[in-house]
Amino acid sequence: MRSIWNGAISFGLVSIPVKLVNATENHSVSFRQVHAADGGRIRYRKVCELEEKEVTQSEIGKAYEDADGSMIPITDDDLAALPLPTTKTIEIVAFVPASAIDPLQMDTAYYLSVNGAPAAKPYTLLREALKRSDRVAVAKFALRGRERLGMLRVVDEVITMHGLLWPDEIREPEGVAPQTDVAVREAELDLADALMNTLGEVDLDSLHDDYREAVESMIAAKVEGGGELPEHAPAEGEGGKVIDLMAALEGSVRAAREARGEGAEEPSGEEARVTPIKGRRAASSPKSSGGTKKSTSTAAKKTAAKKTAAKSTSTAAKKSASRSTAKSTSSGEKKPAAKKSTQRKRSSA
């Protein structure tokens, strides 16, 4: 790999000659600007405003634009004369826990390679010291005309340096967070935890740029003679619209489990159970439906039994009333006969 900077790491009185190598690369597909009418390239030419003619790179210098618009020339000799000890040195100023570095400060990453055989011993010493201390080194260095902040750490037996933004380059997040008070229920947090547990971990090496692959496939199809372009997969769902947060969380947990081949069972054990939102009808499971049907049947049987009992009671009451009426009728017929017999006895006397 080609180095972009040569210098030394200053570790107290120890100097370690190193070369700076880019640790990352950009794989994005780049495009050129063209004239839409005929496909001609659109190029930017460096033109002097005073002479109105194009100038070469060797004729171009640096200048600072003052508030009134005037240009103050700055030469390479002016910059080289600055009392900046980090011009060719990565100066370590402190060793701190990695947690002390805010990820917002992270910038470009570099590999630090030894520059010559004599640098191997001090390089290895610094690497092993960083490993054993479980800390990172904060350093200052100069690159491309400005002093920068850096963080040194060990990755796969190599000392790497992450460029850091200066603290005053991090903007305050004013007005970014929601400005209204929002209450989050325990049930929603439980479902969010269940979703996090279900998604689990991922092998970062398995992730890739789907958009870049789609662009490359589209370009390949055009190069082959304007063949059919790859089919566009429709976007799933309605991005940004969450009508029912609980339903969205429940669906996410189910989808994540199905993707991992775990089925769509309800969360159990330490995982959260689905808690229906008040006022929203929860879907009944087959088991609960069966229980409802059984209880309905039992209630129907009890009602029928009550009706039968009432009918039997009514019938019994009618029979009793009929018997009572018949008895009273029979008693009424016998009484006049007794009276008639008495009258006959009195006549004979």
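Modeller: Two strands count as paired if DSSP finds at least two bridges between them. Helices (H or I, at least four residues) and strands (E, at least two) are DSSP runs, numbered from the N terminus. This is a predicted model, where local features need pLDDT of at least 70 and side-chain atom pairs count only at pLDDT 80 or more, while totals for chains, interfaces and linings use all residues. Residues are numbered from 1 along each chain as its sequence is written, and side-chain values use heavy atoms, with hydrogens and water left out.

Colleague: Okay, how many helices and strands does the protein chain have?

Modeller: Strands come to eleven in the protein chain. Helices add to that, so the full tally by those DSSP runs is six helices and eleven strands.

Colleague: In what order do the seven strands close into a barrel?

Modeller: The pairing around the barrel is mixed, and the twist averages 40° from one strand to the next (axes are lines fitted to C-alpha atoms, for helices over the stretch in contact, and angles run from 0 to 180 degrees between N-to-C directions). Going round, the order is E1-E2-E8-E11-E10-E9-E7.

Colleague: What angle does helix H2 make with E2?

Modeller: H2 covers residues 120–133 and packs on the sheet. Its contacts (heavy atoms within 4.5 Å) take in E1, E2, E7, E8, E9, E10 and E11. Set against the direction of E2, that of H2 comes out at about 80°.

Colleague: Which residue in E9 stands opposite glutamate 91?

Modeller: Start at E1 (residues 3–11), which runs parallel to E7 (residues 89–96) and is joined to that strand by three bridges. Alanine 8 of E1 faces threonine 89, and serine 10 faces glutamate 91. On the other side of the trail, E7 pairs with E9 (residues 136–143) in the antiparallel sense over five bridges. There, the residue opposite glutamate 91 is lysine 140.

Colleague: And which residue in E2 is the bridge partner of isoleucine 9?

Modeller: E1 and E2 are an antiparallel pair with eight bridges. Their hairpin has two residues between the strands, and glycine 12 there takes a positive phi near 65°. Across from isoleucine 9, the partner is isoleucine 16.

Colleague: What about E11: which residue there partners methionine 151?

Modeller: E10 (residues 146–155) and E11 (residues 158–164) run antiparallel, with seven bridges between them. In E11, methionine 151 is matched with histidine 162.

Colleague: Is alanine 23 buried, partly exposed or exposed?

Modeller: Alanine 23 sits in the loop between E2 (14–22) and E3 (47–48). Buried means under 20% relative accessible area, exposed over 50%, and partly exposed in between (1.4 Å probe, protein chains only). At 25%, alanine 23 therefore counts as partly exposed.

Colleague: Which residues does alanine 23 contact, leaving aside its neighbours within four places in sequence?

Modeller: One distance first: methionine 1 is 22 residues away in sequence, and its C-alpha is 9.5 Å from that of alanine 23. As for contacts beyond those close sequence neighbours, alanine 23 has Ala109, Tyr110 and Tyr111.

Colleague: Zooming out, what share of the 349 residues in the protein chain is buried?

Modeller: Take the contacts between residues at least 6 apart in sequence: 60% of them join residues at least 24 apart. Out of the 349 residues, the buried share is 16%.
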